[in-house]
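Please open the structure in your viewer and keep the sequence panel beside it, so that you can select residues by number as you read. Each stop on this tour names a selection and then says what is found there.

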Amino acid sequence: MKILQDYTLDEIQQMILSLNEQKFRAKQIYDNINLGKSISSFSNISKELKEKLLAEFEDIPLKIYTEQHSHDGTIKFAYELSDKNIIEGVLMQYKYGNTLCVSTQVGCRMGCKFCASTLHGLTRNLTAGEILSQVLAVNARLGGKTGKHRKVTNVVLMGMGEPLDNYDNVVKFIRLVSAPESLNISPRNISISTCGLVPNIYKLAEEGLQVILTISLHAPNDTLRKTIMPIANSYSISEIIKAARYYFEKTGRRVVFEYALIDGVNNTKECAAELANLVKGFPTHINLIPLNEVTERDLKTVTHKQAENFKAMLEQRGVSVTIRRTMADDIDGACGQLRNSIIN
Ligand code: SAH
């Protein structure tokens, strides 16, 4: 069944006219959707029109299924889709606002060795409206409304799935969530994280969106990268760096590299030197993430001290680098962990 959340305001207007309804109804429907409401709970729409809508559209595409609250204010959500698939997301509360991490696929087919999202492969892509519905559900849950009264202020596409493997829906999602009468979240406050699907990095650079591009590198050379990320067999690091430079030139936005620290695998002195060399000479930032250990995988994380040492080695070489605050380590924080604990 179709979902209204996939539609722009213009598209809802066309749909409403085709149902022989008055045009102003479209805006009422659109406003209700952006408040995270199900069709059956629209209060300013007649019973007849609701019935017409329900004959064609899902009542609501996604519901919050569980939520886990961490001691640091992070909330991990599992959502149930209308086909009963489970996806997940994390809300991180900062002083400047609330960032929601959203999923773009049910599962993932990228096969990274350290990641829980890919353990069961890819089930299906999410539609733009299903990605949007995660933001709408959490925003409503926090008591947020639309525009400047929203409670979710930033979005990162770092949940389950590979965003650039679901390109069209992801780009449409960015247009939907940034629409002024929806949540009006500027693309500048949205990060897309990718394991490095090079052709789609070039495509994204041409969209005229100012989104932050984050690339999951996790290794400073192709030989090592191939042992933990199968995508490295398709695209080399030098191709990725070239695409990242192009993205920066086109958008003016500094590219971020993610580097999960895995003890004894990618945290040596040599790795730090090689990594610094790769990003030399163009504006980037490196985010170090101490590996979130996943039960099904036998890779080990680093201590706080080891992470600090690695950071210092990069800083000595002039690299802009931070260690990502490990959040929510008391709940199922790593991608795919919460879903696995529900579906297993
Ligand atoms: N598929 C996209 C986005 C999803 S994951 C990507 O690859 O970028 C978001 C980030 O978390 C990625 O950098 C991913 O490599 C990383 N990640 C996945 N599992 C992790 C784990 N167990 N510990 C630390 N980081 C992990």
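Begin by selecting strand β10 in this predicted model, which covers residues 255–261, and show the side chains. You will see that V255, F257, Y259 and L261 point one way from β10, while V256, E258 and A260 point the other way, and that all of them are buried. Counted over the strand, seven of its seven residues are buried, and β10 is accordingly described as mostly covered.

Next, keep β10 on screen and add its partners. Which strand pairs with β10 over three bridges? Select residues 212–216, which form strand β9, and you will find that β9 and β10 pair in the parallel sense over three bridges. Within this pairing, S216 stands opposite E258 of β10. Then select residues 284–290, which form strand β11; this strand runs parallel to β10 and is joined to it by seven bridges. To look at one position in that pairing, pick V256, whose bridge partner in β11 is H285.

Now add residues 269–278, which form helix α9, and follow the chain with β10, α9 and β11 displayed together: these three elements make a right-handed β-α-β unit.

For the next stop, select the ligand and display the residues around it. How many residues surround the ligand? There are 18, and the closest are G161, S193, S216, H218 and N292. S216 is therefore a residue you have met already, as it is the one that stands opposite E258 in β10. By class, the shell around the ligand has nine nonpolar, seven polar and two charged residues.

Zoom in on the backbone atoms that face the ligand. A backbone N or O atom of N292 lies 2.8 Å from a nitrogen atom of the ligand, and a backbone N or O atom of G161 lies 3.0 Å from a ligand nitrogen atom. If you then select C195, you will find one of its backbone N or O atoms 3.5 Å from an oxygen atom of the ligand. The ligand on its own has 530 Å² of accessible area, and the protein covers 94% of this.

For the last stop, select residues 24–34, which form helix α2, and pick out N32 within that helix. Is N32 buried or exposed? N32 counts as buried because its relative accessibility is 4%, and the cut-off for buried is under 20%. Finally, show the side chain of N32 together with the backbone of Q28, where the backbone oxygen of Q28 lies 3.0 Å from a polar atom of the N32 side chain.

Technical notes
Residues are numbered from 1 along each chain as its sequence is written. This is a predicted model: local features need pLDDT of at least 70, side-chain atom pairs count only at pLDDT 80 or more; totals for chains, interfaces and linings use all residues. Side-chain values use heavy atoms; hydrogens and water are left out. A residue is near a molecule or strand if one of its heavy atoms lies within 4 Å of it. A polar contact is a pair of N or O atoms within 3.5 Å; within protein, one must be able to donate a hydrogen and the other to accept it, and residues adjacent in sequence count only if both atoms are side-chain atoms. Accessible areas come from the Shrake-Rupley method with a 1.4 Å probe; for residues, only the protein chains shown count as cover. Ala, Val, Leu, Ile, Met, Phe, Trp, Tyr, Cys and Pro count as nonpolar, Asp, Glu, Lys and Arg as charged, and the others, Gly among them, as polar. Buried means under 20% relative accessible area, exposed over 50%, partly exposed in between (1.4 Å probe, protein chains only). Helices (H or I, at least four residues) and strands (E, at least two) are DSSP runs, numbered from the N terminus. Two strands pair if DSSP finds at least two bridges between them. A crossover is right-handed if, with the strands pointing away from the viewer, the path from the first strand over the helix to the second runs clockwise.
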